[in-house]
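Here is a short walk through one protein model. Keep the sequence and the 3D view side by side as you read.

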Amino acid sequence: LAGQMEFQAYRSLCGLLEHLRSVNLQGRNVMHGLYRPHGPEGASREGPNGIVLCDLLMTKQLQRWLHLLTRSCGISMKRVLDRHELEPPTQLHVDVTQDACYADVAQAGVAGFLHGLYYLFVVPDKDKPYLSLPILEFLSVCFSILIFGPFLRTMCKSAAKVSNILLRTDALTSALTLSRQSMRSFLITEAYQRLIDTELWRCLQKHINVAQTFGESNILSDLISRQKWKSFTRFCAQLGIKPIRLQLTAEAHRLYNHVIACARTVTLP
């Protein structure tokens with residue numbers, strides 16, 4: 001944090017923190033950003049004696065580690081048990097689907113659907129060159145949590161119910177990175193870090209699971225993202241659903257604005 005560590009020592013520190021991550025019962029997200037000095041633009045380019053300088057995310061993560069290292073010195077034996085052996089069975093199950101389209105449409109879109117509620121975000125044309133399908137797919141998951149979150153929170157507050165919120169996405173990258181907290185993409189990491197700082201995420205995360213689905217199992221969100229309104233309306237009528245459109249929340253707009261600002265600072269492949 002003082003900007004006085006050589007890369008060879010910092011590399012060893014990261015290895016030690018990876019070991020202590022399990023001791024502190026933390027997910028991979030606590031290491032997000034800390035491997036940036038290892039990259040071709042980081043301190044590693046100067047060799048073992050290159051000085052590691054912290055950006056904003058690295059500073060936040062290292063300060064978080066200072067707290068973790070003073071809080072925990074061991075690991076609970078309950079970690080040897082599977083979660084299903086400790087938790088009561090689920091009584092309320094909620095499906096949330098989301099989708100994004102990018103290259104094969106006139107307007108790139110991000111959409112989500114929750115039991116009749118839905119949203120659509122049309123990506124401004126000026127932003128499209130800085131984005132890609134993987135980041136848009138991940139943003140659709142983030143938007144679903146931030147837009148549907150108030151409704152999900154109300155449902156999960158019922159003390160008599162153990163709730164499961166299943167986020168269905170057809171993007172394997174989003175499904176794997178969200179569940180494993182193993183983001184490598186700069187933009188996806190930035191989006192995830194902004195998401196987990198929100199009150200809605202902190203409230204809902206214990207209820208959330210994620211699954212990869214595609215094809216007909218994700219048809220409603222797919223129709224919304226591509227703005228195929230006639231097919232969407234007809235499909236809802238067949239299901240007996242009266243769809244209600246929701247607008248993007250202020251938090252969703254702030255997250256998008258942060259991601260597009262970051263995207264303009266890097267050159268995407």
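## Strands, loops and rings

Strand β3, residues 92–101, pairs with β6 in the parallel sense, over seven bridges. One residue pair shows where the two strands meet: Asp-95 has Leu-166 in β6 as its bridge partner. Please note that this model is predicted.

Now turn to the other partner of β6. Strand β7 covers residues 208–212 and runs parallel to β6, joined to it by five bridges. Here Leu-167 stands opposite Val-210 in β7. In a regular strand, side chains alternate between the two faces of the sheet.

How many of the seven residues of β6 are buried? The number is six, so the strand, residues 163–169, is largely enclosed by the rest of the structure.

Step back for the whole protein. It has ten helices and eight strands. Its residues number 269, and 43% of them count as buried. The exposed area is about 14600 Å², with 55% of it supplied by carbon and sulfur atoms. Contacts reach along the chain as well. Take those between residues at least 6 apart in sequence: 77% of them join residues at least 24 apart.

Next come the aromatic rings. A search of the whole structure finds nine aromatic pairs. One of them is formed by Phe-113 and Phe-232. The arrangement is edge-to-face, with 6.4 Å centre to centre and 80° between the planes. This pair links distant parts of the chain, since Phe-113 sits in strand β4 and Phe-232 in helix α9, 119 residues apart. Are these two rings' residues buried or exposed? Phe-113 counts as buried because its relative accessibility is 7%, under the 20% limit. Phe-232 is buried too, with a relative accessible area of 2%.

Other rings gather in a group. Which residues make up this cluster? Tyr-119, Phe-121, Phe-143, Phe-148 and Tyr-256 are linked into it by ring pairs. A charged side chain also meets a ring elsewhere in the model: Lys-128 lies over the face of Tyr-102, at 5.4 Å from the ring centre.

Now look at some loops. His-115 is placed in the loop between β4 (109–114) and β5 (117–122). Its phi is near 45°, a positive value in a residue other than glycine. His-115 counts as exposed because its relative accessible area is 56%, over the 50% limit.

Gln-227 also has a positive phi in a residue other than glycine, near 55°. Find Gln-227 in the loop between α8 (219–225) and α9 (229–239). Is Gln-227 buried or exposed? The answer lies in between: Gln-227 is partly exposed, with a relative accessible area of 28%.

A further loop lies between α1 (7–23) and β2 (51–52), and Gln-26 is placed there. Gln-26 has 19% relative accessibility, so it counts as buried, the limit being under 20%. What is Gln-26 in contact with, leaving aside its neighbours within four places in sequence? The residues are Arg-21, Arg-64, Leu-68 and Arg-71.

To retrace the route, begin again at β6, where six of the seven residues are buried. Follow its pairing with β3 over seven bridges, then its five bridges to β7. From there, go to the edge-to-face pair of Phe-113 and Phe-232. End at the loops, with exposed His-115, partly exposed Gln-227 and buried Gln-26.

Technical notes
Residues are numbered from 1 along each chain as its sequence is written. This is a predicted model: local features need pLDDT of at least 70, side-chain atom pairs count only at pLDDT 80 or more; totals for chains, interfaces and linings use all residues. Side-chain values use heavy atoms; hydrogens and water are left out. Buried means under 20% relative accessible area, exposed over 50%, partly exposed in between (1.4 Å probe, protein chains only). Helices (H or I, at least four residues) and strands (E, at least two) are DSSP runs, numbered from the N terminus. Two strands pair if DSSP finds at least two bridges between them. Contact means heavy atoms within 4.5 Å. Accessible areas come from the Shrake-Rupley method with a 1.4 Å probe; for residues, only the protein chains shown count as cover. Rings of Phe, Tyr and Trp (its six-membered ring) pair if their centres lie within 6.5 Å; planes under 30 degrees apart count as stacked, over 60 as edge-to-face and the rest as tilted. A charge sits over a ring if NZ of Lys or CZ of Arg is within 6 Å of the ring centre and within 35 degrees of the ring normal.
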